[in-house]
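Hi there,

Here is the structure I promised to pass on. Have a look at it first, and then read my notes below.

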Amino acid sequence: MLPGVFKSKKKDGSIYYRASVTFCSKHISLGSFINEKEAHNAYLDALNIINCDKTLIPDNYSGGICKALPFDKWIVLVNFKNNGIYIKTPIYLKKKFFYYYISEQDILIFDADDLFYYSEHKIMRRGGHLFVTEYGMQVNIASRYGIRNFARPGKDFLFVNGNNYDFRYENIKILNPYQGVTIEKYKGGVCYTARIHVNGNFTIGRYNSIEKAAAAYNKAADILETKGIKKHFERNYIEELTTKEYIELYNSVNVNCPSPKGNGLLRH
């Protein structure tokens, strides 16, 4: 076999080739390849990075230095060489933050506090969603920053500097943390409308505080589930209220619910 290359076999019996390199006493996998030559070329690319006299940066990848090495492995090696820390995911460290490279063009920014998490979790993309896998489940990374599933940019949250890939905590502003609640203009002022999705969006009611609307959504969800609706509704946790205050608010708020049989309203 050519240097740096190892032959492997898949479960179906087909052959593929793996490449690896050792740097600073660390054995680093460079990926899997369909033939021996491509694997060897990736190994040579890695040696060029390790032995290069000048300081390489992530942007140099397209400069013809690499012929076969995948971009994510380039980031791993360049970061290791420049910053002295091996990280298996495509992270490049800066002083108080780090870049996570989804691709050459798509670069996420995170606070240094998140380094341990993303060094152990690979970020993947499906459509417009970025997610990691935890315990076999796909978890949207936005939920880590208080952004709910289906939250609307500009209405429920915003990125302060306008960069939707900058997930540093100071750059994320949560405008509405609650499920089923919309902040709307109403009769010349502002109201908080609670809606629940049962065969379409149904308006539970309009309220003069966001906490009332959040509690109303919870109450409507409880009612529908006890009436036989086979759906799990995500509940709101109102951090600002004590347990006693929440119970009082929950009991006092009036809600309209669609009848599970579709023949009218349930009022509570």
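**A buried asparagine**

At 9% relative accessibility, N236 counts as buried. One thing to know from the start is that this is a predicted model. You'll find N236 in the loop between α4 (210-226) and α5 (243-252). What does its side chain reach? The side chain of N236 gets to the backbone nitrogen of Q179 at 2.5 Å, and to the backbone oxygen of A214 at 3.3 Å. If you set aside neighbours within four places in sequence, N236 is in contact with Y178, Q179, A214, Y217 and N218.

**A buried aspartate**

Another loop residue to look at is D114, placed between β6 (107-111) and α3 (115-120). Is D114 buried or exposed? With a relative accessibility of 0%, D114 counts as buried. Its side chain and that of Y169 are joined by a polar contact of 2.8 Å. Not counting residues up to four places away in sequence, D114 touches F98, R144, Y145 and Y169. For a sense of distance, take D53: its C-alpha atom and that of D114 are separated by 31 Å, with the two residues 61 apart along the chain.

**Aromatic rings**

Three of those contacts of D114, namely F98, Y145 and Y169, turn up again in an aromatic cluster. Which residues form that cluster? It is made of F98, Y100, F110, Y117, Y118, Y145, F157, F159, F167 and Y169. R144, also touched by D114, has its charged end over the ring of Y117, 3.8 Å from the ring centre. Elsewhere, K219 lies over the face of Y250, at 5.7 Å from the ring centre.

How many aromatic pairs does the structure hold? There are 18 of them. One is F71 with Y101, an edge-to-face pair with 5.7 Å centre to centre and 70° between the planes. F71 belongs to helix α2 (residues 71-83) and Y101 to strand β5 (residues 97-101), so this pair ties together parts that are 30 residues apart in sequence. F71 counts as buried at 13% relative accessibility, and Y101 is buried too, with a relative accessible area of 7%. F157 and F159 also make an edge-to-face pair, with 5.9 Å centre to centre and 85° between the planes. Both F157 and F159 are buried.

**A sheet of three strands**

Strand β5 brings us to the sheet. Three strands form this open sheet, in the order β4-β5-β6, and the pairing is antiparallel. Why is one side of β4 and of β6 left without a neighbour in the sheet? β4 (91-93) and β6 stand at the edges and each has a single partner strand, so one side of each has no neighbour there. On average, neighbouring strands of this sheet are turned by 25° against each other, direction ignored.

If you want to trace the pairing by eye, three bridges join β4 to β5. I91 is a good place to begin: its bridge partner in β5 is Y100, a residue listed in the aromatic cluster above. Helix α2 packs on the sheet, where it touches β4 and β5, and its direction makes about 25° with that of β4. That is the helix in which F71 lies.

Cheers

How values were computed
Residues are numbered from 1 along each chain as its sequence is written. This is a predicted model: local features need pLDDT of at least 70, side-chain atom pairs count only at pLDDT 80 or more; totals for chains, interfaces and linings use all residues. Side-chain values use heavy atoms; hydrogens and water are left out. Rings of Phe, Tyr and Trp (its six-membered ring) pair if their centres lie within 6.5 Å; planes under 30 degrees apart count as stacked, over 60 as edge-to-face and the rest as tilted. Helices (H or I, at least four residues) and strands (E, at least two) are DSSP runs, numbered from the N terminus. Buried means under 20% relative accessible area, exposed over 50%, partly exposed in between (1.4 Å probe, protein chains only). A charge sits over a ring if NZ of Lys or CZ of Arg is within 6 Å of the ring centre and within 35 degrees of the ring normal. Contact means heavy atoms within 4.5 Å. A polar contact is a pair of N or O atoms within 3.5 Å; within protein, one must be able to donate a hydrogen and the other to accept it, and residues adjacent in sequence count only if both atoms are side-chain atoms. Two strands pair if DSSP finds at least two bridges between them. Axes are lines fitted to C-alpha atoms, for helices over the stretch in contact, and angles run from 0 to 180 degrees between N-to-C directions.
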